[in-house]
Amino acid sequence: MTYSIAILGASGYTGAELIRLIAGHPSIEIKALGAFSKAGQTVAQVYPHLRHLDLPPMVPFSDIDWAGIDLCFCALPHKTSQEVISGLPRDLKIVDLSADFRLRDPDEYQKWYGNAHSAVEMQREAVYGLTEFYRDEITNARLVAGTGCNAATGQFALRPLIASGVIDIDEIVLDLKAAVSGAGRALKENLLHAELSEGYHAYALGSTHRHQGEFDQEFSKVAGRDVRIQFQPHLIPANRGILGTAYVRGEALAVHETLVAAYADEVFVEVLPFGEAPSTRHIRGSNFCHIGVAADRLPGRTIVVAALDNLTKGSSGQALQNANLMLGIEETEGLMMAPLFP
Ligand SMILES: NC(=O)C1=CN([C@@H]2O[C@H](COP(=O)(O)OP(=O)(O)OC[C@H]3O[C@@H](n4cnc5c(N)ncnc54)[C@H](OP(=O)(O)O)[C@@H]3O)[C@@H](O)[C@H]2O)C=CC1
Ligand SMILES: CC(=O)N[C@@H](CCC(=O)OP(=O)(O)O)C(=O)O
């Protein structure tokens, strides 16, 4: 059986990554591609690395005929996404990559994103898209909210540890390095090569990054009480990849054992042998997340490092993994490619 999908936001980075992944998928076919300022152009014009593919043209969203489309990937900026999704057919399955449907509480959404939510009913209906922890709900969902890429990295490292109580949940520090494609393809002054290369900087200082909303919601749910972590992201001059380093109070071998047990049956999350360090080089272009654990020389302190590719496991790969579940396809289909190395 072949399923038909559409991608809204095909001209963006995550849209292009979805096209790359789905091009190799045996049972999903791209039926429609929607773009905004680039509507009217072909994918090959916007993304020459995809020129070998036989793809529909990128059209304005209003030109898409939804009859016969089983699932829509929505790869649009937040706020735009909720407006667009509100106008889509009610029986269409949707995987949204934006932040619009991740937070359950409309007040929390407004706090972190600055605008009132315009589709509160759908916000309630949506399932959080961290596949390894919401597999059953995602399988039965109509609308799935892909996670933030930083939020996914931090959760893979910390969620099982918070759930098990093996670390002190009031003293978690997450120090994270994010590559620039996480900011999307739109032109921004501080992302110009001259301002980004040969240096790196912290941003959202003081635990003000909007992915804190996801950490607050998810970690508190897991712990059964309010959890707040200290989270500091940095922008690094790399194209792809996120490396998150968590500094926790807890016994290192117990931390390692907890993570090994939590991910023992997971294909895409690999806990490395004790003491080995993950690298963004080892997951680049793949749907894998690597996690490493080591003891610190300070007694009782442990380092947990997680690496994933923001455009695959952090967004489009995760989105395809979720779509596979929603369509009743094998979860790993189209996603088992090896990382690109070196
Ligand atoms: N990049 C990443 O690593 C991750 C991104 N995300 C989220 O995924 C979503 C897409 O991100 P990304 O692909 O990086 O973003 P890009 O900026 O690369 O692409 C944005 C897409 O949205 C379209 N678009 C922009 N403005 C409008 C508008 N007003 N109306 C309709 N369409 C519009 C653009 O169309 P056009 O180019 O034709 O104008 C383009 O296709 C965002 O919500 C982002 O936060 C989530 C996790 C990770
Ligand atoms: C490097 C960079 O800027 N990364 C983005 C995260 C990308 C992401 O996950 O975006 P959404 O939450 O908007 O979907 C950031 O830190 O804001």
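Biologist: Which residues does Ile7 touch, not counting residues up to four places away in sequence?

Modeller: Ile7 touches Gly15, Leu18, Ile19, Ile30, Leu33, Gly34, Phe73 and Ala75, where two residues are in contact if their C-beta atoms, placed from the backbone, lie within 7 Å. This is a predicted model, in which local features need pLDDT of at least 70 and side-chain atom pairs count only at pLDDT 80 or more, while totals for chains, interfaces and linings use all residues. Residues are numbered from 1 along each chain as its sequence is written, with chains lettered from A and ligands numbered from 1 in the order in which they are written.

Biologist: Why does Tyr3 count as partly exposed?

Modeller: Tyr3 has 19 C-beta neighbours inside 10 Å, whereas a buried residue needs 20 or more and an exposed one has 12 or fewer, so Tyr3 is partly exposed. Tyr3 belongs to strand S1 (residues 3–8), a strand being a DSSP run of E with at least two residues and a helix a run of H or I with at least four, numbered from the N terminus. Leaving aside neighbours within four places in sequence, Tyr3 is in contact with Ser27, Ile28, Asp70, Leu71 and Leu327.

Biologist: What makes S9 and S12 stand at the edges of the sheet?

Modeller: The open sheet has seven strands in the order S9-S10-S8-S11-S14-S13-S12, with mixed pairing. Strands S9 (201–202) and S12 (269–271) each have a single partner strand, so one side of each is left without a neighbour in the sheet. Pairing requires at least two DSSP bridges between two strands, and S9 and S10 (residues 230–236) are joined in the antiparallel sense over two bridges; Ala202 has His234 as its bridge partner in S10.

Biologist: How do you know that the largest nonpolar core lies between domain 1 and domain 2?

Modeller: A nonpolar core is a set of buried Ala, Val, Leu, Ile, Met, Phe, Trp, Tyr and Cys residues joined through C-beta atoms within 7 Å. Of the 90 residues in the largest one, Ile7, Phe73, Cys74 and Cys289 touch the most other members, and helix H7 (residues 149–164) gives the most, with eight residues. Domain 1 (3–147 + 313–327) and domain 2 (149–309), bounded by an automatic or database assignment, both give residues to this core, so the core lies between them.

Biologist: How many residues of domain 1 are in contact with domain 2?

Modeller: The contact involves 19 residues of domain 1 and 22 of domain 2, and helix H11 gives the most to the domain 1 side, with six residues.
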